[in-house]
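Colleague: Got a minute? I'd like to go through this model with you.
Modeller: Sure, put it up and ask away.

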Amino acid sequence: MYEKEMIIKNKTGLHTRPATDLSTLCQTYESDIKIRTNDTEIDSKSIISILSGGICKGTKIKLVINGTDEKEAGEKISEFIENLKE
């Protein structure tokens, strides 16, 4: 299992464009990929789930990945989230 805590730094959070890009990236991996906030677990392969999560700037998240390609997925997805631009 791969787990990493992060804080969303992007000024607009996970709005439509980055949510779409994140979902597309996550769909390239076989592993189960979830984003957890204090009160929500988000299926990161679903754009609707990401947008419904209401993740804005300053939100503390935990990326949780479980599966055969979890390490590679975790590294790439973490890098994507940490490098989000407005």
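Colleague: At what angle do helix α1 and helix α3 pack?
Modeller: Keep in mind that this is a predicted model. The angle between α1 (residues 16–26) and α3 (residues 70–82) is about 170°. Their axes lie 10 Å apart.

Colleague: And how are the two helices oriented to each other, α1 and α3?
Modeller: Angles over 145 degrees count as roughly antiparallel. So α1 and α3 are roughly antiparallel to each other.

Colleague: Which residues make the contact?
Modeller: From α1, P18, D21, L22, L25 and C26. From α3, K76, I77, F80 and I81.

Colleague: How do the residues of that contact divide into nonpolar, polar and charged?
Modeller: Seven are nonpolar and two are charged. None is polar.

Colleague: You listed D21. Is D21 buried or exposed?
Modeller: Neither label fits. D21 has a relative accessible area of 39%, so D21 is partly exposed. D21 sits in helix α1. Its C-alpha is 8.9 Å from that of I47, and the two residues are 26 apart along the chain.

Colleague: Switching to cysteines. How many disulfides does the structure hold?
Modeller: Zero.

Colleague: Why no bond for C26?
Modeller: The closest cysteine sulfur is in C56, and it is 19 Å from the sulfur of C26. A disulfide needs the two sulfurs within 2.5 Å. So 19 Å is too far for a bond.

Colleague: Is C26 buried or exposed?
Modeller: C26 is buried, at 0% relative accessible area.

Colleague: What about C56, how accessible is that one?
Modeller: C56 has 42% relative accessibility, so C56 counts as partly exposed.

Colleague: On to the core. Which residues in the largest nonpolar core touch the most other members?
Modeller: L22, I33, L63 and I77. That core has 20 residues.

Colleague: Which elements give two or more residues to this core?
Modeller: Three strands and two helices by name: β1 (2–7), β2 (32–36) and β4 (60–66), plus α1 and α3.

Colleague: What does L63 touch?
Modeller: Leaving out residues up to four places away in sequence, L63 touches Y2, E3, K4, M6, I33, K34, I35, G74, I77 and S78.

Colleague: Last one. Where is K9?
Modeller: K9 is in the loop between β1 and α1. Its relative accessibility is 64%, so K9 counts as exposed. From K9 to S52 it is 19 Å, C-alpha to C-alpha, with their positions 43 residues apart in sequence.

Notes:
Residues numbered from 1 in each chain as written. Predicted model: local features only at pLDDT ≥ 70, side-chain atom pairs only at ≥ 80, totals over all residues. Heavy atoms only, no water. Axes fitted to C-alpha atoms, helices over the stretch in contact; angles between N-to-C directions. Helix = DSSP H or I, 4+ residues; strand = E, 2+ residues; numbered from the N terminus. Parallel < 35°, antiparallel > 145°, perpendicular 65-115°, else oblique. Contact = heavy atoms within 4.5 Å. Nonpolar A, V, L, I, M, F, W, Y, C, P; charged D, E, K, R; others polar. Buried < 20%, exposed > 50% of the residue type's maximum accessible area, 1.4 Å probe, protein only. Core = buried A, V, L, I, M, F, W, Y, C linked by side-chain atoms within 4.5 Å.
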